[in-house]
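User: I would like to learn how to read the features of a structural model, beginning with its ligand and ending with its backbone. Could you take me through them one at a time?

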Amino acid sequence: MKKLTTPYYLIDEIKLQRNLQIIERVRQASGVKVVLALKCFSTWCVFDLMRSSLDGTTSSSLFEARLGREEFGKEVHAYSVGFSKSDIQSVRKFADKVIFNSLSQLRMYQSEVKGIEVGLRINPGISYSHFDLANPARRYSRLGASNPDEIMKSSALFSGVMFHFNCENDDVENICAAIDVISENYGSLLEKMQWVSLGGGLYFTKNGYPLDRFCQKLKSFSEKFGIQVYLEPGEAAITDCAELVTTVLDVIHNEMDVAIVDASVEAHMLDHLIYQTTARIAAPESGPYPVIIAGRTCLAGDVFGEYALSARLEPGSEIRIADAAGYTMVKKNWFNGLPMPAIVVQRLDGRIEIVKTFKYQDFKRSLS
Ligand SMILES: Cc1ncc(COP(=O)(O)O)c(C=O)c1O
């Protein structure tokens, strides 16, 4: 393979297909419908592969809903923390379901969405999140209606509800217990509903996840209330199927070797800065050579992490940063005017396709 110009995001369709096969298995064994959360992954050049394994998309804005309709098709769920009137007037053209974040938004726009299925996000007051920043049940949370009496009184206004309260939850017993709490607290509401979404944040494509137990729980929940259950995976659908491929530009020594690559955490893998996590290195392998790998923006903390690698890095060495699909490509930005990583796909048949490159004009046009 000819060496491609770095930096680029490389999506591997064979790895993606593995996640999709697990999703298909869950759909078949449990009867749930599964919609892709576009907020996590919107790189539509692989939607042709994803389409047959999923029931549609869910969105967090008008633009995502429109992208779901235009590029994915199937069911389009439109949710937003806050719709404007013009959002609603546009989104109703794309959406099969409009899900409101509050009863006040639902009442405000109910006359605008006649003929479309309406849903309400409910905040069940439980959460599985390692970070307060991503905890929908945190104090003063604005994410979802939380007054059970008020929700019940308005139940004639909607036919479905959405609960999103997980974040990379890989503990099946924990999700089973949460489903029991929801059944207990909202059982009489669920009996009146046609559908319920359990949101995203469930790490069921992880190796060793007890899929049978998971599917059995989803199925019995659905049967108990005679209701269609949805899941909204983002991360679980695309986990571990992309890399950010970079080249070392310089190695400086300041107590330790520090390799500076032609990409950046802040511009190209922002979540590691937000959540203060360390990026995983897909290549080179681990070994005896200690090194810090850092980005090339002016931010002092633009650092991927500290590693021990099999080779001593030097200018020209290639470094592949793992897990570069979820909440990564959707958050890339033009900070410092750095070159935007291209989007490259390795198709199922092994063919490498450079799908998108970015130029100076893209940077310039994004600002004025
Ligand atoms: C309402 C909703 N659904 C689905 C998701 C997708 O979650 P994940 O990517 O963790 O599966 C999110 C993520 O924040 C969300 O807010």
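Analyst: What follows is a walk through the ligand site, the nonpolar core and some backbone details of this predicted model.

User: Which residues surround the ligand, and how many of them are nonpolar, polar or charged?

Analyst: A shell is read as a list of neighbours and then sorted by class. Here the ligand is surrounded by A37, K39, C40, M162, H164, G200, G201, E232, P233, G234, E235 and Y327. Sorted by class, this shell holds five nonpolar, four polar and three charged residues.

User: Which polar atoms lie within reach of the oxygen atoms of the ligand, given a cut-off of 3.5 Å for a polar contact?

Analyst: With side chains taken before backbone, K39 places a polar side-chain atom 2.8 Å from an oxygen atom of the ligand, while an N or O atom in the side chain of H164 is 3.4 Å from a ligand oxygen. G234 contributes through its backbone, where an N or O atom lies 3.0 Å from an oxygen atom of the ligand. As for cover, the ligand on its own has 400 Å² of accessible area, and the protein covers 88% of that area.

User: How should I read the largest nonpolar core, and which residues have the most contacts inside it?

Analyst: The general idea is that nonpolar side chains in soluble globular proteins tend to be buried together. In this model the largest nonpolar core has 96 residues, and M50 and F204 are those with the most contacts inside it. Among the contributing elements, helix α7, which spans residues 172–190, gives the most to this core, namely nine residues.

User: Where does this core lie with respect to domain 1 and domain 2?

Analyst: The core lies between the two domains, because domain 1 (13–238) and domain 2 (242–324 + 332–365) both give residues to it.

User: Which peptide bonds are cis, and where are the prolines P7 and P284 placed?

Analyst: As a general background, most peptide bonds are trans, and most residues other than glycine have a negative phi. One cis peptide bond joins T6 and P7, with omega about 0°, and P7 belongs to the segment before β1 (8–12). Another cis bond runs from A283 to P284, again with omega near 0°; P284 sits in the loop between β12 (281–283) and β13 (286–294).

User: What is the phi of E168 and of Y327, and where is each found?

Analyst: E168 is not a glycine, yet its phi is positive, at about 45°. E168 lies in the loop between β7 (160–162) and α7, and its relative accessible area of 42% makes it partly exposed. Y327, which is also among the residues that surround the ligand, has a positive phi near 50°. Y327 is placed in the loop between β15 (318–322) and β16 (342–346), and at 26% relative accessibility it counts as partly exposed.

User: Is G56 buried or exposed, and is K114 buried or exposed?

Analyst: Relative accessibility under 20% is read as buried and over 50% as exposed. G56, in strand β3 (residues 56–59), has 0% relative accessibility and so counts as buried. The C-alpha atoms of G56 and F72 are separated by 6.8 Å, although these residues are 16 positions apart along the chain. K114, in the loop between α5 (103–109) and β6 (117–121), counts as exposed because its relative accessibility is 68%. K114 and R92 are 22 residues apart in sequence, and their C-alpha atoms are 9.1 Å apart in space.

Methods
Residues are numbered from 1 along each chain as its sequence is written. This is a predicted model: local features need pLDDT of at least 70, side-chain atom pairs count only at pLDDT 80 or more; totals for chains, interfaces and linings use all residues. Side-chain values use heavy atoms; hydrogens and water are left out. A residue is near a molecule or strand if one of its heavy atoms lies within 4 Å of it. A polar contact is a pair of N or O atoms within 3.5 Å; within protein, one must be able to donate a hydrogen and the other to accept it, and residues adjacent in sequence count only if both atoms are side-chain atoms. Accessible areas come from the Shrake-Rupley method with a 1.4 Å probe; for residues, only the protein chains shown count as cover. Ala, Val, Leu, Ile, Met, Phe, Trp, Tyr, Cys and Pro count as nonpolar, Asp, Glu, Lys and Arg as charged, and the others, Gly among them, as polar. A nonpolar core is a set of buried Ala, Val, Leu, Ile, Met, Phe, Trp, Tyr and Cys residues joined through side-chain atoms within 4.5 Å. Buried means under 20% relative accessible area, exposed over 50%, partly exposed in between (1.4 Å probe, protein chains only). Helices (H or I, at least four residues) and strands (E, at least two) are DSSP runs, numbered from the N terminus. Domain bounds come from an automatic or database domain assignment.
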